[in-house]
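Reader: I'm new to this one, and I'd like a close look at a single part of it: the salt bridges. Could you walk me through them?

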Amino acid sequence: MNTYKVVEKFISINGEGLMAGHPACFIRLAGCNLNCSYCDTAWANRPDTVYRTETAEEICDFVRESGITAVTLTGGEPLLAPSVDELLRALSAIEGVRIEIETNGSVDISPFVDIGDNICFTLDYKLKGSGMEEYMLTANYDYLTKRDAVKFVCSDLTDLDRTREIAEEYGLYDKTNVLISTVFNKLDKREVVDYLIRHKMNKARLQLQLHKYIWDPEERGV
């Protein structure tokens, strides 16, 4: 029986993404193939991180018992987990749930897009400030729909310029949702608003990481 390295499970609200502000069950899996400069869950990616091995059924039981219908599968990079397709099929079969996969933009999503209509992707584009832009797999954009999103986390105005370039080059506004966030406490949100207005980025959406304003930014399990 396949098992998964679960570093934490908790119920909170979605701090970002298309379901921002909605209650959600979070399933965080261990491990990541990137090392972003601003990563706020680096502790979950270390080789010595503490985790529990759980089956797909145990994870699904947690979701069912919670009574919460939004599920966020995150990491690390959850799509690197062995047999994660089995977990996604099990979660997708739970009546009434919506599963959001938070993925870092470097992993091929094509094996997972047809698992269930109740699965959506929030796909990062790692900008220059992350130090990981070279690993971005833009072929993923061929599989995105209006139920998905591409998230750009900006460190500075140069990252915003690159966001605008990528969104236009790959036609993201017509394919999916474009979300713009900032590295926490690094780029003034007013500058971002001014930028969006100045460049008439009418279909982009600024997001704040709500959980970092409600709780301590370093707090886990929220």
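Reader: To start somewhere, does Arg190 count as buried or exposed?

Author: Arg190 counts as exposed, at 62% relative accessibility. Exposed means over 50% relative accessible area, buried means under 20%, and partly exposed is in between, using a 1.4 Å probe and protein chains only. A quick note on the source: this is a predicted model, where local features need pLDDT of at least 70 and side-chain atom pairs count only at pLDDT 80 or more, while totals for chains, interfaces and linings use all residues. Residues are numbered from 1 along each chain as its sequence is written, and side-chain values use heavy atoms, leaving out hydrogens and water.

Now, Arg190 pairs with Asp188 in a salt bridge, 2.9 Å from N to O. A salt bridge here is a side-chain nitrogen of Lys or Arg within 4 Å of a carboxyl oxygen of Asp or Glu. Asp188 is partly exposed, with a relative accessible area of 30%. Elsewhere, shared partners join Glu16, Asp124, Lys126 and Lys151 into one network of salt bridges.

Arg28 and Glu8 make another salt bridge, with their closest N and O atoms 2.7 Å apart. That pair links distant parts of the chain, 20 residues apart: Arg28 sits in strand β2 (residues 23-29) and Glu8 in strand β1 (residues 3-13). Strands are DSSP runs of E, at least two residues, and helices are runs of H or I, at least four, both numbered from the N terminus. Arg28 and Glu8 are both buried.

Then there's Arg162, whose side chain meets that of Glu133 in a salt bridge of 2.6 Å, N to O. Arg162 lies in helix α3 (residues 157-169) and Glu133 in the loop between β6 (119-125) and β7 (149-154), so the pair ties together parts 29 residues apart in sequence. Arg162 is partly exposed, at 25% relative accessibility. By this rule, the count comes to 15 salt bridges.
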